[in-house]
Amino acid sequence: MADDKLKHMVFPRHVLVGTNAIDRLGAMVADLELDAPGVVVVDANTKKLVGPRVRAALEGAGLRPTFFESQGATMQSVSACVKAGRKAGAAWYVGAGGGSVIDVAKLAAFEHGPAWISAPTSASHDGICSGRASIKERTGSTSIEAKPPAAIVADTAIISKAPYRMLAAGCADVLSNLTAVLDYKLAHRLKAEEYSSFAAVLARTAAEQIMENTSLIRPGLEEASWLVVKSLVVSGVSMAVAGSSRPASGAEHLFGHAIDKLAPGPMHGETVGVGSILMMHLHGGDWQAIRDALKAIGAPTTAKELGVPSKKLVQALTTAHTIRPDRYTVLGESGLTKEAAEALAKATGVL
Ligand SMILES: [Zn+2]
């Protein structure tokens, strides 16, 4: 089919990372040549933290921001934000905050139409640089495909002041690419799914950057925020090249989503990090290296550290394959038996 030869990749036009980057947000948005009115999505915390600087930067560039205070990453919040955006005649959206604020801006822009700009105040997962959003529902969270940001403005001075646990979770999300790329290849081999070796190399390189520099990832060190943000950006680019989240989301993410449903509480990066140890064991790869890297950065490596009861962890392993049946992984179509799940969790020290 001729259509199969048509490939559309969407990348951010600006990626600005560094100290006080937030003060140049207006210049970045203005360079996208969009109309003046737009919506800045914040939450109660980030409104205080960066609100005045964001407003000054945007107004200084001749833009007219309307602030929308998100109450969490829910569809109600997204609808209310779109309503505010339509009323303001918004030509752009900025998400200035953590993952859930950015997800609201991302989905509101997707539903409404205009471009969105990512201005993360923490670096806890690769959603800050990707087209995929995670929305909370009564039964856990769902992942929705939207579009990648038109620009990313990541202020490392602000990000390094966020709780260290968030940065460690961001690292774990990047490390999980190591198993995601194996599932990506497996699905290509067994199911003839579209595969991009460029995307896989990018996703793996991002994870290797973290692996090789775990000694730099320490609380309060701006250098650590730099490294993590850059790796998250490369992860985001890998998904843009693939045209899907495949290179950064495999069985370890299915496991993470299963935990979200069964024992909500741990952060996204924390569950997929532990998932990556488990899935690497199933792939027959170097799972110890992933465990050691997670330990070195201070991310959880056991059910106990995640705060997940043993029974729920085993249940997450046996049900993970049902989370997204269209996503073929090392778990296969029928998943793990209870006995196999228990043996795997014990062999890797997760239980
Ligand atoms: Zn992730």
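Begin by selecting helix α10 (residues 251-262) together with helix α14 (residues 310-319), whose axes come within 8 Å of each other and cross at roughly 130 degrees. That angle makes α10 oblique to α14, and the crossing in which α10 passes α14 is right-handed. If you now show the side chains, you can look for F255, A258, I259 and L262 on α10, which meet K312, Q315, A316, L317 and T319 on α14. As you go on, please keep in mind that this is a predicted model.

Keep L317 selected for the next stop, since L317, along with V41 and C171, is one of the residues that touch the most other members of the largest nonpolar core, a group of 119 residues. Helix α9 (residues 222-242) gives the largest share of this core, namely 12 residues. The core draws at least three residues from each of domain 1 (2-159) and domain 2 (164-347). As background, nonpolar side chains in soluble globular proteins tend to be buried together.

From this core, select V41 and display what surrounds this residue. Which residues is V41 in contact with, leaving aside its neighbours within four places in sequence? The contacts of V41 are F68, S70, C81, Y93, V94, G95, A96, V101, V104, A105 and A108.

Next, return to α9 and add helix α8 (residues 197-212), which packs against α9 at an angle of about 165 degrees, with the two axes 8 Å apart. Because angles over 145 degrees count as roughly antiparallel, α8 and α9 are described as roughly antiparallel to each other. The crossing of these two helices, α8 and α9, is left-handed. On the α8 side the contact is made by F198, A199, L202, A203, T205, A206, Q209 and I210, while α9 contributes L227, S231, V234, S235, V237, S238, V241 and A242.

Now step back and colour the chain by its domain assignment, which gives domain 1 (2-159) and domain 2 (164-347). The C-alpha centres of domain 1 and domain 2 lie 25 Å apart, and the contact between them takes 26 residues from domain 1 and 30 residues from domain 2. To see the side of domain 1 that touches domain 2, select β1 (14-18), β7 (140-145), β8 (151-155) and α5 (156-159), each of which supplies at least two residues. Among these, α5 gives the most to that side of domain 1, with three residues.

Follow the chain from β1 into the loop between β1 and α1 (25-31), where you will find N20. The phi angle of N20 is near 60 degrees, a positive value in a residue other than glycine. Is N20 buried or exposed? N20 has 11 other C-beta atoms within 10 Å and is therefore exposed, given that 12 or fewer count as exposed.

A second residue to select is E33, in the loop between α1 and β2 (37-42). Phi of E33 is near 55 degrees, again a positive value in a residue other than glycine, and E33 is exposed, with 7 other C-beta atoms within 10 Å.

Finish at H283, which lies in helix α11 (residues 268-283) and counts as partly exposed, because 19 C-beta neighbours are inside 10 Å. Not counting residues up to four places away in sequence, H283 touches T179, L182 and V330. If you also select P114, a C-alpha to C-alpha distance between H283 and P114 should read 41 Å, and the two are 169 residues apart in sequence.

Definitions and conventions. Residues are numbered from 1 along each chain as its sequence is written. This is a predicted model: local features need pLDDT of at least 70, side-chain atom pairs count only at pLDDT 80 or more; totals for chains, interfaces and linings use all residues. A nonpolar core is a set of buried Ala, Val, Leu, Ile, Met, Phe, Trp, Tyr and Cys residues joined through C-beta atoms within 7 Å. A residue is buried if 20 or more other C-beta atoms lie within 10 Å of its own, exposed if 12 or fewer, and partly exposed in between; C-beta atoms are placed from the backbone. Helices (H or I, at least four residues) and strands (E, at least two) are DSSP runs, numbered from the N terminus. Domain bounds come from an automatic or database domain assignment. Two residues are in contact if their C-beta atoms, placed from the backbone, lie within 7 Å. Axes are lines fitted to C-alpha atoms, for helices over the stretch in contact, and angles run from 0 to 180 degrees between N-to-C directions. Angles under 35 degrees count as roughly parallel, over 145 as roughly antiparallel, 65 to 115 as roughly perpendicular and the rest as oblique. A crossing is left-handed if the near helix is turned anticlockwise from the far one by less than a right angle, and right-handed if clockwise.
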